[in-house]
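Trainee: I have a model open and want to learn how to read it. Where do I begin?

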Amino acid sequence: MRDHPSLLWMVLAVVVAAIHQWVPDATWLMVHLVLLGALTHAIFVWSTHFAQALLKTPDELDSRSHQNRRLVLLLVGTSVVLVGVPTATWWLVVVGASLVSVAVIWHALMLRRRLRHALPGRFRITLRYYLLAAVCLPLGAAFGATLALGLSQSWHERLLVAHMMTNLLGWVGLTVTGTLITLWPTMLRTPMDTRAESLATQALPLLATALVILNAGAFAGLRWVTVAGLLVYAAGLVWWGRALWRPARRRPPREFATASVGSALVWLAVGIAVTTWLVARGPVSDSVGLLASIFVVGFAAQLLTGALSYLMPVVLGGGPSLVRIPQAWFNKLAALRLVVINVGLLLCLLPVPSLVRVTVSVLVLAALACFIPLMIAAIVSFVRARRAAADSPPAVPVRQPGTPVERPASALTVAQSIGGVSALLVAITIGVGLDPVAAGLSSTTPTSAAQAQEVVATGDTTRVEVSADGMSYTPSSITVPLGNRLVIDLVNNDPSTTHDLVLGDAKTPRLGHEERAEVVIDVVTGPMDGWCTVVGHRQMGMTFTVQTEGAPAGTSADSPSGPSGDIQGDLHGGPAGSAPAAPILTDDPPPVLEPIDPVLAPAPEGTLHKVTFTAQEVALEVAPGVWQKRWTFNGTAPGPTLRGKVGDVFEITLVNDGTMGHSIDFHAGSLAPDRPMRTIPPGESLVYRFTATHSGIWMYHCSTMPMSSHIAAGMTGAVIIDPPNLPEVDHEYLLVQSEVYLSEVATSADDATEVSADKIVAERPDLVVFNGIANQYDEHQLEARVGERVRIWVLDSGPNRASSFHVVGGQFDTVYEEGRWVLGGPEGAGSDSAAGEGTGGAQALGLQPAQGGFVELVLPEAGHYPLVSHVMVDAERGAHGVLRVTE
């Protein structure tokens, strides 16, 4: 069986899809494993098979050995591409794409040779579909290889559209349409439409013209021309699809193979419609994950498994009785698998809570992966049955005249469909149980009974619709008669982030875009204040007021203070008049559980750096034994450090796996912020691409408002672009200074609370830290030896406080600040270019928030050299560490 490599690529794709949360570029890998690996290999094998079956040409025209050599060439080229792109090695991508293109051109030449030597016959149009498809893949591969060179955002977007559509709609789409004209009615075991050949002949020029228009529009950057090309392609598919409709009406799909292929065609139509909408709306690079789910899982994977479920038993042969044995295995739980795959995929594309999407996607992948063990069992059963038949040939049954032909029962049963729905419901229930708040199941509690008794209930209900948009409610204030029942229908009209509303004891869950929830107050007993509980939103003015008729205006006595009110208490000193609280930092702290490694790695090789940043909200240690719920990139605060050289291209895919809107802003690049820095809601992603044009240490951070809260909660990090001719040193470290604002002191991850927006506004940090954890480098000290040169990069990410970095007992002979050499450096770079005895030195590196640089020093003797911010109150808050120097 020469389909083994296809199945291997499918297995790898399922593995990558299962661990996509933790694998950089997982979407890209999954797409190419399925489309370039599994599906392209299958196209090579089966288009050759169908060409021979239709044309009846001699085998000598394209021997089996030549076919195998092409498959090996394809395998090698695909493997090289899959290594070259993640490692940003452009020449590997070019070599791999060239090998794949050579294999496809060779394949096309052999098909053309068969066509030239064949006798006139029907459905030669299928070979013309194959030949045009073969022209598309080298063209699409060239577009993809060019993407690896590192281009501007505009050209990257244009080539991305051309690359995806040429390969999907050209190479795969034309091959599929050419094949299904004859294969589809054969799979259904029914006569084909008498118009099939003429419809296919008429559709081919339309499809070819559509691809030309589409690519011309993509290259010219004309979105509406690209949209026109997609619409023309869709029209060609509709015309072609008429040949498939009659056989399907005559004999609807009854087996897994036909139902799976039919589902794939539906998802192809959905994918083209979604692509058309995305192209009309703007750049599609942010929606690659969405398109990958539709085209890879919905279309390609189901097409491949469905087609193989029919073709493999037929090729195995042995007569109808033996063919039915592997077919029976492929039909095992057919309806259940199809329901899970298709309904599950639809659920994953909807705005469901993140953990629900995870549990459902795992179930979808399991349903797809079932094909592998079923295929193995089918082959084993077939081999056993064939051996048994060889030992004792069965008697040939004789059908009596007039006896009706018995048709096999449908493999698509209602019971199995119900089982598929039930499995999805279980997965949804698990996801909701893991995150009930995101699923909208947090309860709304009416006002207390004591309050209700103070005012006589009127029995009337006041219902009002309130919309959340930006950082305000509309309306922001209402007046309600005392004693009425109040029902607030809250809708979130903000496409960028989640909002909620707390009013008294009642609270909605956090709502995504266009989601709704009710706040119910059984008896309104007086004025009430409400607000959005997403951190920082209240401070931005997202408040709501309920006034009552016949009662004094104002705020109820038991409501918390508003955004401009005093901070209630202090974590260090407690409320006024109370006993002082225990200090956060002590002389005998517990050990830091997961210290951040300050060692700075050198810039990676290559000029294109592709990274995935996942916005996550996790509990992290912010001081020894003290925890806070941090908002992070990739689960750390600060986030991952990026490093490169001037001229390098950085492509960052931001995935929002949090519960609110997040964004990202890279100071290391210069580009219009409108789209790449926009806030995306939970479950969505965007691609941020910039070119490093200037050296220095640059801050990146979440730019969602209130920006101060997002930065203070941990969503910040550093990008280091090495200055030209940067000398090597013995040790290189990175310290990112930031502030921590605690709502309360939590001593475990389970008790961690979110950042205090009130303290941020009041500029009252509880901790000032290096690399996210106060005093961590007192315990886990930086290391050097006497006489070694140490370079320490420092970034002040704020959000509010300046830094004056100092090494106690040391002097700096080199200072690089905000992209310029202040002291030392390469010859002629700084004001004191030849540092040494008698030359100038420096004692501190002064930085405002969002500024950075580095210092270098050589320590003359062994000892412990404290690292501090010489804003001493901040050193005492945790901006402190130790550089231990040994002999």
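**Reading one residue at a time**

Mentor: Take Ile 430, which is found in helix α15, residues 414-434. Keep in mind that this is a predicted model.

Trainee: Is Ile 430 buried, exposed or partly exposed?

Mentor: Ile 430 counts as partly exposed, because its relative accessibility is 47%; the partly exposed class lies between 20% and 50%. Then check spatial neighbours. Val 360 is 70 residues from Ile 430 along the chain, yet their C-alpha atoms are separated by 9.3 Å.

Trainee: Can we try that on a strand residue?

Mentor: Use Arg 785, found in strand β20, residues 780-785. Its relative accessibility is 43%, so Arg 785 counts as partly exposed. Leu 859 is 74 residues away in sequence, but the C-alpha to C-alpha distance to Arg 785 is 7.9 Å.

Trainee: Which residues is Arg 785 in contact with, leaving aside its neighbours within four places in sequence?

Mentor: His 731, Val 885, Thr 886 and Glu 887.

Trainee: Now the whole chain. How many helices and strands are there?

Mentor: The chain has 20 helices and 28 strands. Of its 887 residues, 52% count as buried. Look at contact range too. Among contacts with a separation of 6 or more, 76% are between residues 24 or more positions apart.

Trainee: How do I read a salt bridge?

Mentor: Start with the general idea. Side chains of opposite charge can pair when their charged atoms come close. This structure holds 21 salt bridges.

Trainee: What is the distance between the closest N and O atoms of Lys 507 and Asp 500?

Mentor: That distance is 3.4 Å in the salt bridge of Lys 507 with Asp 500. Now add the burial of each partner. Lys 507 is partly exposed, at 26% relative accessible area. Asp 500 is buried, at 0%.

Trainee: And the salt bridge of Arg 877 with Asp 874?

Mentor: Those two side chains meet at 2.9 Å, N to O. Arg 877 is partly exposed, with a relative accessible area of 22%. Asp 874 counts as buried, because its relative accessibility is 0%.

Trainee: Which parts does the salt bridge of Lys 610 with Glu 651 tie together?

Mentor: First the geometry: the closest N and O atoms of Lys 610 and Glu 651 are 4.0 Å apart. Lys 610 lies in strand β10 (residues 608-623) and Glu 651 in strand β13 (residues 649-656), so the pair links parts that are 41 residues apart in sequence. Lys 610 counts as buried at 18% relative accessibility, and Glu 651 is buried at 10% relative accessible area.

Trainee: Which residues are linked in a network of salt bridges?

Mentor: Arg 643, Asp 722, Glu 732, Arg 789, Arg 791, Asp 813 and Glu 856 are linked this way.

Trainee: Next, helix packing. What should I quote?

Mentor: Two packed helices are described by the angle between their axes and the distance between the axes. Try helix α4 (residues 90-117) and helix α5 (residues 125-147): they pack at about 170 degrees, with their axes 9 Å apart. That angle makes α4 roughly antiparallel to α5, because angles over 145 degrees fall in that class.

Trainee: Which residues make the contact?

Mentor: On α4 they include Val 93, Ala 97, Val 104 and Leu 111; on α5 they include Leu 127, Leu 131, Ala 134 and Pro 138. The contact residues of α4 with α5 divide into 17 nonpolar, 2 polar and 1 charged.

Trainee: How close do the axes of α7 and α8 come?

Mentor: The axes of helix α7 (residues 196-220) and helix α8 (residues 223-250) come within 7 Å and cross at roughly 170 degrees. Therefore α7 and α8 are roughly antiparallel to each other. Their contact residues divide into 20 nonpolar, 5 polar and 1 charged.

Trainee: Last topic: nonpolar cores. How many residues does the largest one have?

Mentor: The largest has 116 residues, and those with the most contacts inside it are Tyr 129, Leu 169, Trp 171, Leu 180, Trp 240 and Phe 299. Helix α6 (residues 153-188) gives the most to this core, with 18 residues.

Trainee: What does Leu 180 touch, not counting residues up to four places away in sequence?

Mentor: Leu 180 touches Pro 185, Trp 240, Leu 244, Val 261 and Leu 265. Apart from the largest core lies another, of 54 residues, among them Met 471, Ile 521, Met 677 and Tyr 688.

Terms used:
Residues are numbered from 1 along each chain as its sequence is written. This is a predicted model: local features need pLDDT of at least 70, side-chain atom pairs count only at pLDDT 80 or more; totals for chains, interfaces and linings use all residues. Side-chain values use heavy atoms; hydrogens and water are left out. Buried means under 20% relative accessible area, exposed over 50%, partly exposed in between (1.4 Å probe, protein chains only). Helices (H or I, at least four residues) and strands (E, at least two) are DSSP runs, numbered from the N terminus. Axes are lines fitted to C-alpha atoms, for helices over the stretch in contact, and angles run from 0 to 180 degrees between N-to-C directions. Angles under 35 degrees count as roughly parallel, over 145 as roughly antiparallel, 65 to 115 as roughly perpendicular and the rest as oblique. Contact means heavy atoms within 4.5 Å. Ala, Val, Leu, Ile, Met, Phe, Trp, Tyr, Cys and Pro count as nonpolar, Asp, Glu, Lys and Arg as charged, and the others, Gly among them, as polar. A nonpolar core is a set of buried Ala, Val, Leu, Ile, Met, Phe, Trp, Tyr and Cys residues joined through side-chain atoms within 4.5 Å.
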